[in-house]
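The following exercises concern the reading of a protein model from its coordinates. Each task is followed by a solution in steps.

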Amino acid sequence: MAMLLRVAVGATLRAARTEQSRTLRDVARDARVSLGYLSEVERGQKEASSELLAAICSALGLTLSTVVSDVSMHIKSTEVATLSVVDAA
């Protein structure tokens, strides 16, 4: 589950950045994080601390609640529906 969460956060941040036509370098500079760190967060390889996630959100002009909402929708879309079979006999 932790991996899924990291990937969803990264995908959400990457989508926001590319939608704004901004480079990793530009956002990393504004968020005051290293380029490598931001790249790893976007690829879901590194989990962002709450402080650094807030800085990245701020650099992208996003609220943390928007990111969490988008992540929630991403996770919900990847969850597998389970079916229950009821014996009719």
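**Exercise 1. Loop residues with positive phi**

Does serine 21 count as buried or exposed, and at what relative accessibility? Locate the residue and describe its backbone as well.

Solution. The model is a predicted one. Step one is to place the residue: serine 21 lies in the loop between α1 (2–19) and α2 (24–31). Step two concerns the backbone, where serine 21 shows a positive phi of about 55 degrees although it is not a glycine. For residues other than glycine, a negative phi is what most have. Step three applies the cut-off: exposed means over 50% relative accessible area. Serine 21 has a relative accessibility of 66% and therefore counts as exposed.

Repeat the procedure for arginine 32: where is the residue, and what is its phi?

Solution. Arginine 32 sits in the loop between α2 and α3 (35–42). Its phi is positive, about 60 degrees, although arginine 32 is not a glycine. With a relative accessible area of 78%, arginine 32 is exposed.

**Exercise 2. Overall composition**

State how many helices and strands the chain has, and what part of its residues counts as buried.

Solution. Begin with secondary structure: there are five helices and zero strands, which gives the pattern α-α-α-α-α along the sequence. Next, consider burial: 31% of the 89 residues count as buried. The accessible surface comes to about 6000 Å², and 57% of this area belongs to carbon and sulfur atoms. Finally, turn to contacts: among those between residues at least 6 apart in sequence, 62% join residues at least 24 apart.

**Exercise 3. Two helices and their faces**

Determine which residues of α4 and α5 are buried and how they are arranged around each helix axis.

Solution. Take α4 (residues 50–60) to start: its buried residues are Leu53, Ile56, Cys57, Ala59 and Leu60. Viewed down the axis of α4, these fall within an arc of 160 degrees, so they line one face of the helix. Ser50, Glu51 and Ser58 are exposed on the other side of α4. After α4 comes glycine 61, with a positive phi near 70 degrees.

Now take α5 (residues 64–78). Its 15 residues reach 21 Å from first C-alpha to last, close to the 21 Å expected at 1.5 Å a residue. In α5, the buried residues are Val67, Val71 and Ile75. Down the axis of α5, the buried residues lie within an arc of 70 degrees and so line one face. An α-helix has 3.6 residues a turn, so residues three or four places apart point the same way. The face of α5 turned away from the buried side carries exposed Ser65, Met73, Lys76 and Ser77.

**Exercise 4. The largest pocket and valine 71**

Which helix supplies the largest share of the lining of the largest pocket? Characterise one lining residue, valine 71, in its surroundings.

Solution. The largest pocket has a volume of about 190 Å³. Its lining includes Leu5, Arg6, Val9, Leu53, Val67, Val71 and Ile75. Both α1 and α5 supply at least two lining residues, and α5 provides the largest share, namely four.

Valine 71 belongs to helix α5. Its relative accessibility is 6%, so valine 71 counts as buried. Leaving aside residues up to four places away in sequence, valine 71 touches Leu5, Ala8, Val9 and Thr12. Valine 71 and arginine 6 are 65 residues apart in sequence and 9.4 Å apart in space, C-alpha to C-alpha.

Terms used
Residues are numbered from 1 along each chain as its sequence is written. This is a predicted model: local features need pLDDT of at least 70, side-chain atom pairs count only at pLDDT 80 or more; totals for chains, interfaces and linings use all residues. Side-chain values use heavy atoms; hydrogens and water are left out. Buried means under 20% relative accessible area, exposed over 50%, partly exposed in between (1.4 Å probe, protein chains only). The expected span of a helix is 1.5 Å times one less than its number of residues. The arc is that of the directions from the helix axis to the C-beta atoms. Contact means heavy atoms within 4.5 Å. Accessible areas come from the Shrake-Rupley method with a 1.4 Å probe; for residues, only the protein chains shown count as cover. On a 1 Å grid over the protein atoms alone, a cavity is a set of points where a 1.4 Å probe fits but cannot get out, and a pocket is an open set with protein on both sides within 12 Å along at least five of seven lines; lining residues have an atom within 4 Å of a point. Grid points are joined across faces, edges and corners, and a volume is the space filled by probe spheres set on the points.
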